Amino acid sequence: MKLMIASDLHGSAYYTDLLLRRWKEENAERLILLGDILYHGPRNDLPRDYAPKEVIAQLNPLAPQILAVRGNCDCEVDQMVLKFPMLADYAVLFLGGQTVYLTHGHVVNTQNPLAFQRGDILLHGHTHVPVCEDCGTYRYLNPGSVSIPKNDTPHSYMTWEDGTFLWRELESGAVYKSFQP
C-alpha cells in the first residue's frame, strides 16, 4: 500500500491541482489530509489562486480515497460541502507495525503530546514546516504545507510505502528527506 500525506491546502486551487497531479503520478491508494483544507485563516496571507469552491470540486470526486482530520481553520460548514469525513480531531493508523496518530497539530503536538508508547509516530501539519524529530518515546513527523510553507521550506507532501516515509517537493516530486522506523 502507498499513502500520500499532505496538510494545509488552505483553499488554494493552484496547489491542490499540483497535489492531485502528484497523487496520480505517485499512484497512491489513499490521500491523507491533515487539516486546513479550505480556508486560509487570519494569520496567513491568501495562497496563490485562493478558491475554496474550486478545491471542493477538485477533492469531492476523490472522496472514497481521502482520509482527513480537522484543522484549526476547518469547521462544520466545510463538512456540509465536502463529501468525505473531515471533522475528526484525530485518527489512528497501524502501518507496518507502527502506530501512527494523525492530527492537525493545534491541540495534540510536541508541547501537548498523548501518552505515546515507545516507537509510536505523531503525524501532524499546522506549523507549515516539514519535520522528522525524535521525541524520546515517539517520533514526530510533519509533511510541511502544500500551499503556504514557512521558514524557507518547499511546498511539500509526504508518501509512505514499504515502511518508509518520504518528504517530497510538490512542484518536482523530488525526495528531500526520508525516515524508516
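Which residue does the side chain of Lys-2 meet in a salt bridge? The partner is Glu-161, and the N to O distance is 4.0 Å. A salt bridge here is a side-chain nitrogen of Lys or Arg within 4 Å of a carboxyl oxygen of Asp or Glu. Before we walk on, a word about what you are looking at: this is a predicted model, in which local features need pLDDT of at least 70 and side-chain atom pairs count only at pLDDT 80 or more, while totals for chains, interfaces and linings use all residues. Residues are numbered from 1 along each chain as its sequence is written, and side-chain values use heavy atoms, with hydrogens and water left out.

Let us stay with that opening pair. Lys-2 sits in strand S1 (residues 2-6) and Glu-161 in strand S9 (residues 156-161), so the salt bridge links distant parts of the chain, 159 residues apart. The names follow a simple scheme: helices (H or I, at least four residues) and strands (E, at least two) are DSSP runs, numbered from the N terminus. Lys-2 is buried, at 11% relative accessibility, whereas Glu-161 is partly exposed at 36%. Buried means under 20% relative accessible area, exposed means over 50%, and partly exposed lies in between (1.4 Å probe, protein chains only).

The structure holds six salt bridges, and another of them joins Glu-26 and Arg-168, at 3.2 Å from N to O. Glu-26 belongs to helix H1 and Arg-168 to strand S10 (residues 164-169), so this pair ties together parts that are 142 residues apart in sequence. Both ends are covered: Glu-26 is buried with a relative accessible area of 11%, and Arg-168 is buried at 14%. Lys-2, Glu-26, Glu-161 and Arg-168 are in fact linked in a network of salt bridges. As a general point, side chains of opposite charge can pair when their charged atoms come close.

Now follow Glu-26 back into its helix. H1 covers residues 13-26 and has a salt bridge inside it, between Arg-22 and Glu-25, which stand three residues apart, or about one helical turn. The closest N and O atoms of Arg-22 and Glu-25 are 2.3 Å apart. Arg-22 is buried at 11% relative accessibility, but Glu-25 is exposed at 56%. An α-helix has 3.6 residues a turn, so residues three or four places apart point the same way.

How far apart are the end C-alpha atoms of H1? They are 20 Å apart, which agrees with the 20 Å expected for 14 residues at 1.5 Å a residue; the expected span is 1.5 Å times one less than the number of residues. Among the buried residues of H1 are Tyr-15, Leu-18, Leu-19 and Trp-23. Their cover includes S1, strand S2 (30-33), helix H2 (52-59), S9 and S10, where contact means heavy atoms within 4.5 Å. Just after H1 comes Asn-27, with a positive phi near 60°.

From Arg-168 we can step into the strands. S10 is mostly covered, with five of its six residues buried. S9 and S10 pair in the antiparallel sense over six bridges, and two strands count as paired if DSSP finds at least two bridges between them. In this pairing Tyr-157 stands opposite Arg-168. The two strands form a hairpin with two residues between them, and Asp-162 in the turn has a positive phi of about 50°.

S10 also pairs with strand S11 (residues 175-179), again in the antiparallel sense, over four bridges. Here Arg-168 has Val-175 as its bridge partner, and Leu-166 stands opposite Ser-178. The hairpin of S10 and S11 has five residues between the strands, and Gly-173 takes a positive phi near 80° there.

Two loop residues are worth a look as well. Asp-8 is not a glycine, yet has a positive phi of about 60°; this residue is in the loop between S1 and H1 and is buried, at 0% relative accessibility. Asp-49, also not a glycine, has a positive phi of about 50°. Asp-49 lies in the loop between S2 and H2 and is partly exposed at 45%.

Our last stop is helix H3 (residues 76-81), where Met-80 is found. Met-80 is exposed, with a relative accessible area of 71%.
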